[in-house]
Amino acid sequence: MTGNAPRTIAVLFGGRSLEHDVSVVSGLQVLHALDPARCAALPIYIDHANRWWMGDDLWHRETFKAGGPDRSRLTEMMLAPGFGASTLVPAGGSFHVPGRAARIDVFVPVLHGTFGEDGCVQGLLDLGGCAYVGSGVLASAIGMNKRVTKALAAQTGVPVVPWLSFDRGVLERGASWLKELPARVEDTFGWPVIVKPCNLGSSAGVSVAASPDELVAGVLNVFEYDVEALIEPFITNRLELNVAVAGLDEPVASVTEMPVTQQESPLTFSEKYKKEGRKTVGSIEGMAGALRVLDPEDLPLEMRERARQLATTVFSLLGCEGISRVDFLIDADRNALYFNEINTLPGSLAFYLWSAAPHFWTLTELLSKLIQRAERISATRRGLQRRPPAELRLLT
Amino acid sequence: MTDRSSWPLLLIAVPFGYLVWRRLLAYLRYFQQEGYEHLRFIRWVKLRSLFDPAFWVSVAGGLLVARFPLTAVVCFGAVTMLLAILQPDPRRSGKITLNLTWRATRVLAVASVLAVTLWAAVLGAYPDSEVRAAFLASAVVTALAPLVLIMANACLAPYERHVQRTYEADAARRVREIRPLIIGITGSYGKSSTKAILAHILQFAGPTLAASGSINTLMGVTRHIREELVFGHQFMVVEMGAFKTGSIRRICQLTPPAAGIITAVGDMHLERFGSADEIVRAKSELASAVPAGGLLVVNADSPGAVRIALGATHCRVKLYGEKSTEKLDTRLEQVRFTRKGTSFVLRTGEAAFSCFTPLLGRPIILNIAGAVTLAAAAGVDPELAIAALRTLKPVPNRLEVVEERGVTWIRDAYNSNQLGFRAALEVVAALPATRRFLATPGVIELGPEQFDVNRALSREAAAVCDSTLVVAEANREAFVAGHRDAGREARLVSVPSRSEAFRWLRDRLKEGDAVILENDLPDLYERSAGVFWKEPVRAS
């Protein structure tokens, strides 16, 4: 970091999203990994109602069990209005304790899913002129939408699995789609297909359909979570391959990892985030709870290298910052690699991928690098010319 | 009062004040669970406060203070402090914790003031022997603590009524402005599940509002409307609970239904109503509220519900059912249970629809028939409604099947009636399992029939389950009798609490076993309510 003065770092976690709990786990990891010698970390919990809370209880995981933190022991905070204040102040209410404003040097959003990973919080921080770690509004918003990401990636020559997208608006136009959609899918892909929400991270709402009935059920299931469903041919003999990318001076790809899952179905939500009596590798926290293989040597080196290279391509294409995890699918029958999706704020910031060759960075080191980068980006953006040229000055 | 004599008083007042504060919190939890209804709360309290050790410590202090003044005062202070600390915090302990809402806070604040006033008044009545009077005052306040809460609530009643009226008026205005198509659902059981199923189907036809869980009181519906109803909502599904005659009518005034579903009329909450006729009268308020030409969907398998249907001549009536001999608009047929869900056929006039849903239990499938009937009448394509059934998700603790380390758990803790009880037994009997267990406190609030009903359930359970754990006191004897009837007394295990039941199960469960967790009484009915201290868990 430039300058040795300790920074005040606000870690944002929780959030109004299906992945609230995952975010709390990730957030606490980040919170405890921040280097206490170089920064004062401040946990900020965002609850299901999108209210922000500050307090010492938030350091402990137990606080979040059984109904969430005891709000009477916390202070509700909000971002002070106006550009550049970058200060959290107690929010309204007649009983707030005055003088507990906190000036924040850098925000670290560790939020997953809607309102946190999709550019919403990033937009709020931009409005306040705050420095923050991770992707900005555009990259976050695109990364959240699987259809747009795939379309962009395909246009750049990154291989993707073909898809059909299906809008919830169809429900307003009668029930004929109940017959037409399965016919169209059968013609285009055949069975089985995978049905997933277009705008969600995690595996919520994902299902595999092998018949018209299951397809319709899968689509309706998606419409409970999202306004757009994505339908792709289901690669039966599939493997998954993930790579993390860090936005440093230039994008750096991590080692590859292969999450080990059952072959017949995609990772379900609980498989991704809970460990149910299975053997685990690495930390037992969060995403790292799933069984995984780092740098799978069974896989040809060229394929692993190709994944790392494509990962940085997608990362740059979207203009990501911070840590993203780029997920690939391998069709084992055809030996083909496909870009699947990008998570612009992956669980645990995918730190376990940096703990192996070629990097060996701890989460603490990684965070220091990212915070430094966030400060530079914010300062650069602040320095961009905002004074209107003469022809735009109409009121002088 | 001289400085010398104020020390003993302080030594009594400060720890005792803290203790009373804790006790008020503890009682408030149950007062809140009883919906701040005085009679119901009193029925729970009975003479409980006289069994509070703090009461007897105060009495003992009063008796001993003449002979050992210093010892009495110091011991009293120490013991009350200890008792206060030993008491579990109701905000964090118990099955349903105390939720310090604004209302609860108001009641607590006024009750605290009243308690202090009462204590001071007793003290003031004996100006000559202040210390002894302080012990007496402490005994009085401890004994009357539950009454103090009731008094506080009574003092606040006009204010609470005013606040509630304001909220209701605001909610009613929102409903008038937004004008969603409102569907009211009532019945002795099956309301919440039918509401959830109907809302699930309707959401694919238009933006739908329905409260999750079982919000079904005027206050709950009011709050839900004020927080959630927005322009754009096309449907609103309202669960209407009847606690007494008139309660559904009032909800219908707030949310005038265009259509209604009556899921069943049975003997639930008989204690509150007094007679079966009174229950029918209470539920028929929904039928009366449906406008002329509106739609009423009625479960024909329930004779009480059919009575309401026959009385509803002003609106269109559609009947659904499985066993009924009436001419039905929707008939349920060919119900089959598997671990993955239920397959069944819905026959409507000429057409027959094959359906599948991940949900289990005959009553729930019957609720589906009711919801589909209403949805179809409201203009939802039947094919879409049937497709939507595949994506229903089990409501937690309502015949929810969970596999854990090879053990099949059938969680049915939210059920509280005999129909649901039998449904759970039917499902567990249909699923493959090496041994079957049941843990339940039985069913309650059935008036004079309670014993016989539980005895019959116990008999049926004995035929299906290898072991039945009867939890708490309420129905223990009935369960013993039922198992005796079945000649299987050895299959019955009596446990004092839910946690004890879990402990018992945990020690014995093996892969391939199935367990039903049936009905989960509120804290009120468990023997070890743990008001004054944390109840130690006893080994059986």
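Here is a walk through a predicted model with chains A and B, going from each chain as a whole to a few spots worth a look.

Let's start with chain A. If you trace its backbone, you'll come across 9 helices and 16 strands. The chain has 396 residues, and 55% of them are buried. What about the surface that is left? Chain A exposes about 17,700 Å², with carbon and sulfur atoms supplying 54% of that area. You can also ask how far along the sequence the contacts reach. Take the contacts in chain A between residues at least 6 apart in sequence: 66% of these link residues that are at least 24 apart.

Now over to chain B, where the count is 18 helices and 15 strands. To get a feel for its dimensions, picture a box of roughly 95 × 60 × 40 Å along the principal axes, filled by the C-alpha atoms of chain B. Chain B has 540 residues, 54% of which count as buried. Its exposed area comes to about 24,200 Å², and 58% of that is supplied by carbon and sulfur atoms. As for contacts in chain B between residues at least 6 apart in sequence, 71% of them bring together residues at least 24 apart.

With both chains in mind, look at a place where a helix of one packs with a helix of the other. Two packed helices can be described by the angle between their axes and by the distance between those axes. Here, the pair is helix α5 of chain A (residues 177-188) and helix α14 of chain B (residues 382-389), packed at an angle of about 60° with their axes 10 Å apart. That angle is why α5(A) is called oblique to α14(B). Which residues meet there? From α5(A) come A:Trp177, A:Leu178 and A:Lys179, and they meet B:Glu383, B:Leu384 and B:Ala387 in α14(B).

One more stop, this time on the surface of chain B. B:Tyr18, B:Trp21, B:Met81 and B:Ile85 form a nonpolar patch there, and together they have about 360 Å² of accessible area. Where in the chain does the patch come from? Helices α1 (3-33) and α4 (69-86) of chain B each supply at least two of its residues. Zoom in on B:Ile85, which you'll find in helix α4 of chain B. Is B:Ile85 buried or exposed? Its relative accessibility is 53%, so B:Ile85 counts as exposed, given that the cut-off for exposed is over 50%.

Methods:
Residues numbered from 1 in each chain as written. Chains lettered and ligands numbered in written order. Predicted model: local features only at pLDDT ≥ 70, side-chain atom pairs only at ≥ 80, totals over all residues. Heavy atoms only, no water. Patch = residues over 30% accessible without salt bridge, like charges linked within 9 Å, V, L, I, M, F, W, Y side chains within 5 Å. Areas by Shrake-Rupley, 256 points an atom, 1.4 Å probe, with all protein chains shown as cover. Salt bridge = Lys/Arg side-chain N within 4 Å of Asp/Glu carboxyl O. Helix = DSSP H or I, 4+ residues; strand = E, 2+ residues; numbered from the N terminus. Buried < 20%, exposed > 50% of the residue type's maximum accessible area, 1.4 Å probe, protein only. Axes fitted to C-alpha atoms, helices over the stretch in contact; angles between N-to-C directions. Parallel < 35°, antiparallel > 145°, perpendicular 65-115°, else oblique. Contact = heavy atoms within 4.5 Å.
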